[in-house]
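User: Please go through this model with me by question and answer. I should like each reply to set out its reasoning and to end on the value or name requested.

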Amino acid sequence: MTRTSPASSTALPSLPHWEAIPDDLPAAIRTIKHTLQRRIAASGRTVEEVFAVIEARVRAEVADIAAAKARGETVWPVIEYTDIAAGSVSAEQLAYLHRRGCLVVRGHFDRDTAAAWDRDIVDYVDSNRFFEKYRGPGDDFFGSVGSKPEIYPIYWSQAQMQARQSDRMATVQGFLNHQWRHESDGVQWFDPDRDSLYPDRIRRRPEGANSNGLGTHLDPGTLDLWMTQAYQQAFRHLFDGTVEHYDPWDASHRTAGPQYPGSTMCSTFRTFQGWTALSDMDHDQGVLHTVPIPEAMGYLMLRPLLSDVADDDMCGVTVNRVFPASQQWHSVLLEALTGIPDVKAGDSVWWHCDMIHSVAPVRDQKGWGNVMYIPAAPWCPRNEAYAASVRKAFITGSSPSDFPDEDYERSWPNRFQLDDLNAVGRRGLGIDD
Ligand SMILES: [Fe+2]
């Protein structure tokens, strides 16, 4: 444990921080909670007052979402790709995107392209006899989805890499990155116009599938969100009595600090998580849901500091487990859980990296449920560091280091090759500047 220099916060108690997982977790949780409570109190406000500010903001959005649903309106923002490409997205659409923190991009790719990619993936795994070699789920988290591989641990198909390095993907990622504040205090926290091509997996869920889905959770981190110096600075307004200034779209201090390792971690900073649909999917067929309120992160960060939570409990958040959003602690937020509207192959779906999300269960699914996970992960120190390991995995056809080392594709001759990279792909992998 090291201490911040008192210069960074003259009047308030400085926060202890742990740049790696503490040896004694309960003791560290007690220490950080106690210090955060003292720090907020020293600002002249109680923890309850600060929490009430966030709670009121969030409750107003929960009510607005409920009212929109009652009127039969689509809660998720929907924007046409052609408007993004033409720069003609209206101010109203942008304001609504900020308010809801999630988006469906209609016609991001045309349906024929998406359908061809879907077939390409089938050919790729069949030609390499993937199903005969499949050894079962390589991690605990997606392993709970079912015993058949719905999540393919496949990273280097032509389809995935063509999508990742396409101009149309770069256009949407740039649009999304620009929704964040990426410069402050003379620091450019990330480059909104260069993506780091974060390689992730594929989901292909067949017609007739039964799936239990995935419970409500968050992906940006676990206890590190309260315990590392960088995150303490990123969430500074929640912890120093200036909660009104908390801005979920401010990337300050989020793009260089360490993260605690975990079985489901994402090493990179993502402005938005996302996937591209490779099949049509109706809204009631086991699709993605979010709590479409970016400010809810403030609620999640402050809730453990209230007096009804045990001293060594962060509302269930701990290392090596996904960050849970639970009925016990977050029932108000979960009232706003909202699924995507119907999507077509070639549409893409995006949600702010701090937002609660889940996948609904489905019985006897109608049609396929196929997606490529492709986020917006702009170039920044953290993503540049991860890109070095991505390059190695790409060259050898290995699983990227954020994922179990299943390495199915190393001997597959028809995987995407170095020579297939275009200028976007070369910059994204850090081969060219
Ligand atoms: Fe997730």
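The exchange below concerns a predicted model and takes up its metal site, strands, cores and selected loop residues.

User: Which protein atoms are the donors of the iron ion, and at what distances do they lie?
Analyst: H217 and H357 each contribute an NE2 atom, and D219 contributes OD atoms. D219 is listed twice among the donors. The donors are therefore H217 (NE2), D219 (OD), D219 (OD) and H357 (NE2), at 2.2 to 2.7 Å from the iron ion.

User: What is the geometry of the iron site, given its four donor atoms?
Analyst: Ideal angles for four tetrahedral donors are 109.5 degrees. Four donors count as tetrahedral if all angles lie between 85 and 135 degrees. The angles among the four donor atoms of the iron ion run from 52 to 129°. The site is classed as irregular.

User: What spacing do the donors follow along the chain, and how many residues apart are H217 and H357?
Analyst: Along the chain, the donors of the iron ion have the spacing H-x1-D-x137-H. H217 belongs to strand 10 (residues 214–218) and H357 to strand 16 (residues 357–359), so the pair links distant parts of the chain. Their separation is 140 residues.

User: Are H217 and H357 buried or exposed?
Analyst: A residue counts as buried when its relative accessible area is under 20%. H217 has a relative accessibility of 4%, and H357 has a relative accessible area of 5%. Both H217 and H357 are therefore buried.

User: In what order do the five strands of the open sheet lie, and which are the edge strands?
Analyst: The five strands are paired in antiparallel fashion, in the order 13-10-16-12-14. An edge strand of this sheet pairs on one side only. The edge strands are strand 13 (323–324) and strand 14 (338–339).

User: Which residue in strand 13 is the bridge partner of H217?
Analyst: Strands 10 and 13 run antiparallel and are joined by two bridges. H217, a donor of the iron ion, has its bridge partner in strand 13. That partner is P324.

User: How many residues of strand 15 are buried, and which point each way?
Analyst: In a regular strand the side chains alternate between the two faces of the sheet. In strand 15, S348, W350 and H352 point one way, while V349 and W351 point the other way. Strand 15 (residues 348–352) is largely enclosed by the rest of the structure, because the number of its residues that are buried is five of the five.

User: Which residues stand opposite V349 and W351 of strand 15?
Analyst: Strand 4 runs antiparallel to strand 15 and is joined to it by four bridges, whereas five bridges join strand 11 to strand 15, also antiparallel. V349 is the bridge partner of V104, and W351 stands opposite Q273. The residues asked for are V104 and Q273.

User: Which helix supplies the largest share of the largest nonpolar core?
Analyst: Nonpolar side chains tend to be buried together in soluble globular proteins. The largest nonpolar core has 56 residues, and those touching the most other members include L103, F130, I154 and W350. Among the elements that each supply at least two residues are strand 4 (102–106) and helix 8 (167–177). The largest share, five residues, comes from helix 5.

User: Which residues does Q259 contact through backbone oxygens, and at what distances?
Analyst: Q259 is placed in the loop between helix 11 and strand 11 and, at 16% relative accessibility, counts as buried. Among the residues it touches are Y231, M265 and R382. A polar atom of the Q259 side chain lies 3.2 Å from the backbone oxygen of P220 and 3.4 Å from that of C266.

User: What are the phi values of H253 and D407?
Analyst: Most residues other than glycine have a negative phi. H253 lies in the loop between helix 11 (236–239) and strand 11 (272–277), and D407 in the loop between helix 14 (381–396) and helix 15 (423–428). Neither H253 nor D407 is a glycine. The phi values are positive, about 70° for H253 and about 55° for D407.

Methods. Residues are numbered from 1 along each chain as its sequence is written. This is a predicted model: local features need pLDDT of at least 70, side-chain atom pairs count only at pLDDT 80 or more; totals for chains, interfaces and linings use all residues. Side-chain values use heavy atoms; hydrogens and water are left out. Donors are N, O and S atoms within 2.8 Å of the metal (3.2 Å for Na, K and Ca); water is not among the atoms, so sites may look incomplete. Four donors count as tetrahedral if all angles lie between 85 and 135 degrees; four count as square planar and six as octahedral if opposite donors are over 155 degrees apart and all others between 65 and 115; anything else is irregular. Buried means under 20% relative accessible area, exposed over 50%, partly exposed in between (1.4 Å probe, protein chains only). Two strands pair if DSSP finds at least two bridges between them. A nonpolar core is a set of buried Ala, Val, Leu, Ile, Met, Phe, Trp, Tyr and Cys residues joined through side-chain atoms within 4.5 Å. A polar contact is a pair of N or O atoms within 3.5 Å; within protein, one must be able to donate a hydrogen and the other to accept it, and residues adjacent in sequence count only if both atoms are side-chain atoms. Contact means heavy atoms within 4.5 Å. Lists of a residue's contacts leave out its neighbours within four places in sequence.
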